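I set out these entries in the order in which I looked things up. Each entry records one query and what came back.

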Amino acid sequence: MSFGRLERAPGSQPMGEINMTPLIDVMLVLLVIFMITAPLMTSSLKLDLPRSDAAGPSESPRFLAVAITPEGELFLGEEKLTPDAFDVRVADASRQTPDIEVQLRADRRTPYGQVAELIGRVQKAGLNRIAFVTEAPTGAATAPAAPR
């Protein structure tokens, strides 16, 4: 005859801690999604850029994005500025980084005189490296950037 204990062993207790692993997994997935989609949403300024297959995009890591609309509105990046504020901001950028490249985006309906005036404003601030941003023609392969 075997004798056993009369005491019962305690059963498994409910876990009193939050399992963080699923929460961290969801956070990392959202982080990856935002990292992928953020660069796609950088340009909200809608311009009808001219088409050209002459050169590909510049590989310049630092640049100053400048845009002009057919109505003559000036943009520095995505920020609309008055002509005086534009001149001050471009001059500040020129003082901070004198060799920065200016990437000029102009709608194809913008009069040539307004584009020339904008180039003059940028050059007056001391920036001489100006690149014209265009769209590649539909169906054409993008040409590699021309060596400098």
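**Entry 1: glycine 126.** I began with a single residue in this predicted model. Glycine 126 has a relative accessible area of 37%, so I entered it as partly exposed. I then looked up its place in the chain, which is the loop between α3 and β5 (130–132). I also took a C-alpha to C-alpha distance from glycine 126 to aspartate 99, and obtained 9.1 Å. In sequence, 27 residues separate glycine 126 from aspartate 99.

**Entry 2: overall layout.** I next asked how many helices and strands the protein has. I noted three helices and five strands. Along the sequence, I read their order as α-β-β-β-α-β-α-β. The protein has 148 residues, and I recorded 24% of them as buried.

**Entry 3: α2 against α3.** Two packed helices are described by the angle between their axes and the distance between the axes. I therefore looked up both values for helix α2 (residues 83–96) and helix α3 (residues 112–124). Their axes come within 9 Å, and the crossing angle is roughly 40°. That angle makes α2 oblique to α3. For the handedness, I noted that α2 passes α3 in a right-handed crossing.

**Entry 4: salt bridges.** I searched the whole structure for salt bridges and found seven. I examined several of them individually.

I took the pair of arginine 89 and glutamate 79, where the closest N and O atoms are 3.0 Å apart. This pair links distant parts of the chain, for arginine 89 belongs to helix α2 and glutamate 79 to strand β3 (residues 79–81). The two residues are 10 apart in sequence. I checked the accessibility of both partners. Arginine 89 is partly exposed, at a relative accessible area of 35%. Glutamate 79 also counts as partly exposed, with 37% relative accessibility.

I then turned to aspartate 107 and arginine 109, whose side chains meet in a salt bridge at 3.2 Å, N to O. Are its partners buried or exposed? Aspartate 107 has a relative accessible area of 3%, so I entered it as buried. Arginine 109, at 59% relative accessibility, counts as exposed.

My next pair was arginine 121 and glutamate 117, with the closest N and O atoms 3.5 Å apart. Both lie in helix α3, and because they are four residues apart, about one helical turn separates them. I recorded arginine 121 as partly exposed, with a relative accessible area of 21%. That value falls in the partly exposed class because buried means under 20%. Glutamate 117 is likewise partly exposed, at a relative accessible area of 47%. I followed this pair further and found one network, in which salt bridges with shared partners join Asp87, Glu117 and Arg121.

**Entry 5: nonpolar surface.** I closed with the surface. Which residues make the nonpolar patch of about 820 Å²? I listed Ile18, Met20, Leu23, Ile24, Met27, Leu28, Leu31 and Met35. I looked up one member of this patch, isoleucine 24, in more detail. Isoleucine 24 lies in helix α1 (residues 21–37). With 40% relative accessibility, isoleucine 24 counts as partly exposed.

Notes: Residues are numbered from 1 along each chain as its sequence is written. This is a predicted model: local features need pLDDT of at least 70, side-chain atom pairs count only at pLDDT 80 or more; totals for chains, interfaces and linings use all residues. Side-chain values use heavy atoms; hydrogens and water are left out. Patches are made of residues with over 30% relative accessible area and no salt bridge: like charges are joined within 9 Å, nonpolar side chains (Val, Leu, Ile, Met, Phe, Trp, Tyr) within 5 Å. Accessible areas come from the Shrake-Rupley method with a 1.4 Å probe; for residues, only the protein chains shown count as cover. A salt bridge is a side-chain nitrogen of Lys or Arg within 4 Å of a carboxyl oxygen of Asp or Glu. Buried means under 20% relative accessible area, exposed over 50%, partly exposed in between (1.4 Å probe, protein chains only). Axes are lines fitted to C-alpha atoms, for helices over the stretch in contact, and angles run from 0 to 180 degrees between N-to-C directions. Angles under 35 degrees count as roughly parallel, over 145 as roughly antiparallel, 65 to 115 as roughly perpendicular and the rest as oblique. A crossing is left-handed if the near helix is turned anticlockwise from the far one by less than a right angle, and right-handed if clockwise.
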